[in-house]
Amino acid sequence: MSRLWTPLAAALAALLIAGAAIAKPPVWVVKDKNSELVLFGSVHILPHDLDWSSPALDRALKDADDIWFELPIDAKSEAMTATLATQAGVLAPDQSLFKLLAPQDAELLSKVAAAYDVSPALLDRLQPWLAEIALAAGAYRRLGADAASGVEKTIAAMATPKAKRRAFETPAEQIALLSGGPWDEQVTSLRETMQEMDERPDEFSVLIKAWTDGDLQALDREALAPIRDKTPNLYRRLVTERNDRWTKVLDARLKGHGRTVVVVGVGHLLGPDGVPARLRALGYSVIGP
């Protein structure tokens, strides 16, 4: 469930609190002689009452020449994503996810679906990667969180019209990343999510708390370590390889001039694999955690 690295599989949901909460997520500032780049770690789905505003981010958005997201933040991109997910994630008419899974996994899928009010008939038609996302959506609904309250949509609305909106990837590229793994890897990831939802229903709260506290060690432990340890090829494909590609794009941007804001899943900014560490290794001044 801990999918910090793609808006399509956003895996953080609402913090179970009463009233408004104040968040202090981490911000990194990268500088050279002619450029400034502000990196902000996103949570793609958030509760409505979470105040995560950051003075440093607010200042950067006012002055930004361009803003980079993982995906384009617009209705056309969302519609294309839905279409592509259906094309790539639905099983053949004669197949059943419950029958394709091992009996113990099928039993757990039924249990979690009932607990989170997700239609078993819907899940039965989906490949494991898309079934995992459908289960996550049930958790979001139950906890009152949605993408409209997430970081990307909020920042896209806040940014000045002069700031050019750019994206590292297209919906087709992200769908290919999510759907392209072998069957056993997809099932392992689905099983990890089901077990987490069954055994640790407060995990979303733990993850959001780590983000609001700027606790990078907790974020790594709760969000990245499970996927890194259980499905290393998936981690390589979704995290390290994308971080490498994005760092090359940002290196080229920094070689120009101007002010840039980058908004990507916070998992992409953590540890030695993260974009800040990669930019430090290239010799840039990186101020932040």
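**View A. Gly 214, with a positive phi near 65 degrees, comes right after helix α10.** What you're looking at is a predicted model, in which local features need pLDDT of at least 70 and side-chain atom pairs count only at pLDDT 80 or more, while totals for chains, interfaces and linings use all residues. Residues are numbered from 1 along each chain as its sequence is written, and side-chain values use heavy atoms, with hydrogens and water left out. Helix α10 covers residues 203–213 and is mostly covered, with eight of its 11 residues buried. Helices (H or I, at least four residues) and strands (E, at least two) are DSSP runs, numbered from the N terminus. Buried means under 20% relative accessible area, exposed means over 50%, and partly exposed is in between (1.4 Å probe, protein chains only). The buried residues of α10 are Glu 203, Phe 204, Ser 205, Leu 207, Ile 208, Ala 210, Trp 211 and Thr 212.

**View B. Six strands make an open sheet with mixed pairing.** Reading across, the order is β8-β6-β9-β3-β2-β10. At the edges sit β8 (164–167) and β10 (285–287), each pairing on one side only. From one strand to the next, the twist averages 20 degrees. Two strands count as paired if DSSP finds at least two bridges between them. Strand β2 (residues 27–31) meets β10 through three bridges, running antiparallel, and Val 29 stands opposite Ile 287 in β10.

**View C. Strand β9 (residues 258–265) is largely enclosed by the rest of the structure.** Why is β9 described that way? Seven of its eight residues are buried, so the rest of the structure largely encloses it. Strand β3 (residues 35–42) pairs with β9 in the parallel sense over eight bridges, and strand β6 (residues 66–69) also runs parallel to β9, joined by four bridges. Val 261 turns up in both pairings: it is the β9 bridge partner of Val 38 and of Ile 67. Skipping residues up to four places away in sequence, Val 261 touches Val 38, Leu 57, Ala 60, Leu 61, Ala 64, Asp 66, Ile 67 and Trp 68; contact here means heavy atoms within 4.5 Å.

**View D. Helices α1 and α7 meet strands of the sheet.** Helix α1 (residues 55–63) packs on the sheet and touches β2, β3, β6 and β9, its direction making about 125 degrees with that of β9. Helix α7 (residues 151–158) lies across β3, β6, β8 and β9 and runs at about 140 degrees to β3. Axes are lines fitted to C-alpha atoms, for helices over the stretch in contact, and angles run from 0 to 180 degrees between N-to-C directions. Ile 155 lies in α7 and counts as buried, because its relative accessibility is 0%. Beyond residues up to four places away in sequence, Ile 155 touches Phe 40, Trp 52, Leu 57, Leu 61, Phe 69 and Val 263.

**View E. The largest nonpolar core holds 63 residues.** A nonpolar core is a set of buried Ala, Val, Leu, Ile, Met, Phe, Trp, Tyr and Cys residues joined through side-chain atoms within 4.5 Å. Ile 67, Leu 123, Leu 135, Ile 155, Trp 211 and Val 261 touch the most other members. Helix α6 (residues 128–143) gives the most to this core, chipping in seven residues. There's also a second, separate core of 16 residues, including Val 30, Leu 37, Phe 168 and Val 286.

**View F. Helices α11 (residues 216–230) and α12 (residues 232–254) pack at about 125 degrees, with axes 5 Å apart.** That angle makes α11 oblique to α12; angles under 35 degrees count as roughly parallel, over 145 as roughly antiparallel, 65 to 115 as roughly perpendicular, and the rest as oblique. On the α11 side the contact involves Leu 224, Ile 227, Arg 228, Asp 229 and Lys 230, and on the α12 side Pro 232, Leu 234 and Tyr 235. By class, that's five nonpolar, no polar and three charged residues. Ala, Val, Leu, Ile, Met, Phe, Trp, Tyr, Cys and Pro count as nonpolar, Asp, Glu, Lys and Arg as charged, and the others, Gly among them, as polar. Elsewhere in α12 you'll find Arg 242, which counts as buried at 1% relative accessibility.

**View G. Gln 186 sits in helix α9 (residues 183–199).** Gln 186 is buried, with a relative accessible area of 8%. Leaving aside neighbours within four places in sequence, Gln 186 is in contact with Gln 127, Pro 128, Trp 129, Ser 179 and Gly 181.
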